[in-house]
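Open your viewer and get ready to select a few elements by residue number. We will start with a pair of helices and then move on to a sheet.

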Amino acid sequence: MTDKVVVITGGSRGIGRAAALACAERGYRVVVGYASNEAAANQVVAAIEARNGKAIAVKCDVGEEADILALFAAADKFGTLGALVNNAGIVGKTSRVDEMPAERIQRMMAVNVTGSILCAREAVKRMSTRHGGRGGVIVNLSSVAAKLGSPNTYVDYAASKGAIDSFTIGLGYEVAGEGIRVAGIRPGLIDTDIHASGGEPDRAHRLAPNVPMKRVGTADEIANAIVWLMSDDASYVTSTILDVSGGR
Ligand code: NAP
């Protein structure tokens, strides 16, 4: 066990949960952010503690700056921040752009874009050598939607992930000389609850035949990429976005 802390937003379920368990296996103290499902977050903490790891659950809606400040304040009490996984993200119900209310688009951008940028800001303030930090890694969860555009489904979501790709490239360059690596992952169709929250629980499996590898991916397959990007094995990787999508 090191004193290194990783903050994972949306660590209670899906990809964030798998990343939390994988980071704990590699010795990180894990701050499990969650929006509302306290039971799921506590279950992740219990699973980590059962394997002699260290974790805490912190309620944090990344659409709220005050929650983000509280998340990082909790992380500060837990140890020295070494990594951030900007994982929290939402989709909307299947819709065309000409049907989208402004509130939906604003919430999408607040959570998926502004929330990720604000979390990165807090992480850079702690990890950058410019601010007396010891360096670290930021992994941003994008989506292949950034490339495909998701027409007739959720173009607003795809646009939010396009913003994450640009942010990953730009922030990576900005802090490359300050000990911080920044990388993105574009998952393809991954078997999590997110499709149900978009109104179509079976979406990933329905579209699986279109994937070159002819199957959906698992949250663990994304977590494996996250912990690789966080590791010293990826020590020369920054401003890079990795597709983990079965070829999609
Ligand atoms: P998921 O199964 O729906 O889980 C979402 C997680 O994020 C939960 O822990 C949830 O917390 C949390 N969350 C939701 N809204 C939040 C908010 N406003 N503030 C903070 N946390 C919030 O999602 P997932 O499929 O694992 O997706 C994780 C990331 O991967 C997202 O950025 C998503 O866009 C991206 N991604 C997923 C897929 C896919 O096919 N699954 C594909 C491409 C990209 P609660 O448990 O408290 O609700």
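Begin by selecting helix H3 (residues 65-78) and helix H4 (residues 102-127), which pack at an angle of about 35° with their axes 10 Å apart. Helices (H or I, at least four residues) and strands (E, at least two) are DSSP runs numbered from the N terminus; axes are lines fitted to C-alpha atoms, for helices over the stretch in contact, and angles run from 0 to 180 degrees between N-to-C directions. This is a predicted model, where local features need pLDDT of at least 70, side-chain atom pairs count only at pLDDT 80 or more, and totals for chains, interfaces and linings use all residues. Residues are numbered from 1 along each chain as its sequence is written, and side-chain values use heavy atoms, with hydrogens and water left out.

Now show the side chains between these helices: the contact (heavy atoms within 4.5 Å) includes Ile 68, Leu 69 and Phe 72 of H3 and Leu 118, Cys 119 and Arg 121 of H4.

Next, colour the sheet. Its 7 strands form an open sheet in the order S3-S2-S1-S4-S5-S6-S7, with parallel pairing (at least two DSSP bridges between two strands). Strand S3 (55-59) and strand S7 (240-244) stand at the edges with a single partner strand each, so one side of each has no neighbour in the sheet. On average, neighbouring strands are turned by 20° against each other, direction ignored.

Zoom in on strand S5 (residues 136-141) and strand S6 (residues 180-187), a parallel pair with 6 bridges. Pick Gly 136 and you will find its bridge partner in S6, Ile 180.

Finally, add helix H2 (residues 38-50), which packs on the sheet and touches strand S2 (29-34) and S3.
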